[in-house]
Amino acid sequence: MFWGLFHNSSSGNSTALTPGPAQTLAPGVALPAALPTLHLLHARFGRLPWPRLLVGPTTLAQEGFLVDTPLARALAARGTEGLCPLLCHPDGTPLGAGARATNPQLAAVLRRAALAPTSDFAEDALLSLLVRDLGLEVPSAGPRPTLEPAQQLPMAQGILFTTPSPSAGPELLALLEAALRSGAPSPDPCPPVMQTAVSPESSTLATVDSSGSVLLLTSSLSGSFDSAYLSPGTGVLLSNTTAKSTATAWACPLILRGSLDDTETNVLGLVASGSPEMARAMTHTILSHLAEPQTQAQHQHQGQQEATEQPSTCGQGTLLQVAAYAEHAHVSSVPHGCPYQGI
């Protein structure tokens with residue numbers, strides 16, 4: 001499941017990407033959402049031709065990648081049941097470090113998706129093959145991903161944007177609003193966490209372009225090998241749809257924009273992976289930013305220094321930060337305050 005937040009520097013508007021409920025294909029197995037979701041995002045905001053965007057992923061799937069040591073160890077410990085032929089040798093033994101994993105079936109799906117004129121066709125590139133693999137009837141159309149105005153919190157320092165309910169975004173805004181009303185941000189680098197159920201790990205992306213537009217994406221991962229079912233017709237390792245993996249408390253990307261009247265105002269984007277405990281780091285980072293505005297150089301230097309010199313006091317996870325400043329300096333760094341490893 002994807003959640004996303006896009007800030008358009010030209011209009012000053014922020015748009016939320018909402019996934020809708022996961023569409024179950026079979027007990028414990030969901031329809032992969034990446035292709036139709038990203039196609040929808042591209043159709044509204046993309047500039048490059050859609051087929052061009054899939055050239056790199058198609059080439060990677062066709063030519064493969066080298067298995068690294070962590071993946072090799074995980075395969076050796078778990079075994080390859082359900083993962084062949086993608087992650088195993090012809091005799092069924094797991095790939096070792098340095099072996100090449102290729103996925104020609106996925107490459108073929110991506111070539112078909114590259115020709116899709118709409119997100120429905122992008123989904124169909126997978127759906128017809130998946131139902132054949134699973135021996136199912138083609139399911140009726142389920143809820144679709146949507147693009148809608150982002151949730152907002154106006155402040156004296158600017159405006160905060162996040163994803164709407166049922167993501168954790170609105171709850172995070174409430175935490176921040178309460179902290180700001182108190183008049184003095186807590187010096188504790190780990191403020192109280194949102195009271196949410198245990199959630200899956202997630203994969204995150206944060207990027208900013210030369211004009212100050214920001215894109216934040218986060219997608220859920222229910223486990224290292226998800227359902228451990230590799231669709232032979234598509235080369236896709238299907239997600240495991242459990243109550244745990246369909247929870248959305250892990251999704252709370254944030255964008256802070258300064259003056260609404262200034263087209264060259266400061267913009268800060270934050271997106272976190274891991275459990276809802278990462279909301280602590282995000283809350284602290286935003287409050288610290290509002291209390292003590294940092295320059296691009298200070299952000300980069302402090303983030304690098306703390307990431308290498310201080311132990312984490314806020315648990316484990318990854319917090320990615322991107323920022324654009326009025327003088328057009330851009331940085332991607334580990335925010336100061338909680339030394340999470342980031343990109």
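Let me start with Thr58, which counts as buried, because its relative accessibility is 10% and buried means under 20% relative accessible area. Please keep in mind throughout that we are looking at a predicted model. Thr58 sits in helix α3, which covers residues 55-63, and if we leave aside its neighbours within four places in sequence, Thr58 is in contact with Ala107, Leu110 and Arg111.

From there I would like to move to the aromatic rings, where the count comes to one aromatic pair. The two partners are Phe6 and Phe45, whose ring centres are 4.4 Å apart and whose planes stand at 35°, so the pair is described as tilted. What I find helpful to trace on the structure is that this pair links distant parts of the chain, since Phe6 belongs to strand β1, residues 2-7, while Phe45 belongs to helix α1, residues 34-45, and 39 residues separate them. Is each ring buried or partly exposed? Phe6, at 15% relative accessibility, counts as buried, whereas Phe45, with a relative accessible area of 24%, is partly exposed.

Now let us turn to the nonpolar cores. The largest of them has 22 residues, and those with the most contacts inside it are Leu160, Leu176, Leu254, Leu256, Met282 and Ile286. At least two residues of this core come from each of β8 (151-155), α7 (169-181), β12, β13, α9 and β14 (318-324), and the largest share, five residues, is supplied by α9. To see one of these residues at work in the picture, take Leu176, which touches Leu160, Leu254, Thr283, Ile286 and Leu287, not counting residues up to four places away in sequence. There is also a second, separate core, this one of 19 residues, with Ala26, Ala125, Leu127 and Leu238 among them.

Finally, a word about empty space. Rolling a probe the size of a water molecule over the atoms shows where such space is left. In the second largest pocket, that space comes to about 150 Å³. Eleven residues line this pocket, and the closest to its centre are Gln157, Leu256, Asn266, His289 and Leu290. Which elements each supply at least two residues of that lining? They are β12 (254-257), β13 (267-273) and α9 (278-291), and β12, β13 and α9 are also among the elements that each supply at least two residues of the largest core. Sorted by class, the lining has five nonpolar residues, five polar ones and one charged residue. Leu256 is a good place to end, as it is named both among the residues closest to the centre of this pocket and among those with the most contacts inside the largest core.

Conventions: Residues are numbered from 1 along each chain as its sequence is written. This is a predicted model: local features need pLDDT of at least 70, side-chain atom pairs count only at pLDDT 80 or more; totals for chains, interfaces and linings use all residues. Side-chain values use heavy atoms; hydrogens and water are left out. On a 1 Å grid over the protein atoms alone, a cavity is a set of points where a 1.4 Å probe fits but cannot get out, and a pocket is an open set with protein on both sides within 12 Å along at least five of seven lines; lining residues have an atom within 4 Å of a point. Grid points are joined across faces, edges and corners, and a volume is the space filled by probe spheres set on the points. Helices (H or I, at least four residues) and strands (E, at least two) are DSSP runs, numbered from the N terminus. Ala, Val, Leu, Ile, Met, Phe, Trp, Tyr, Cys and Pro count as nonpolar, Asp, Glu, Lys and Arg as charged, and the others, Gly among them, as polar. A nonpolar core is a set of buried Ala, Val, Leu, Ile, Met, Phe, Trp, Tyr and Cys residues joined through side-chain atoms within 4.5 Å. Buried means under 20% relative accessible area, exposed over 50%, partly exposed in between (1.4 Å probe, protein chains only). Contact means heavy atoms within 4.5 Å. Rings of Phe, Tyr and Trp (its six-membered ring) pair if their centres lie within 6.5 Å; planes under 30 degrees apart count as stacked, over 60 as edge-to-face and the rest as tilted.
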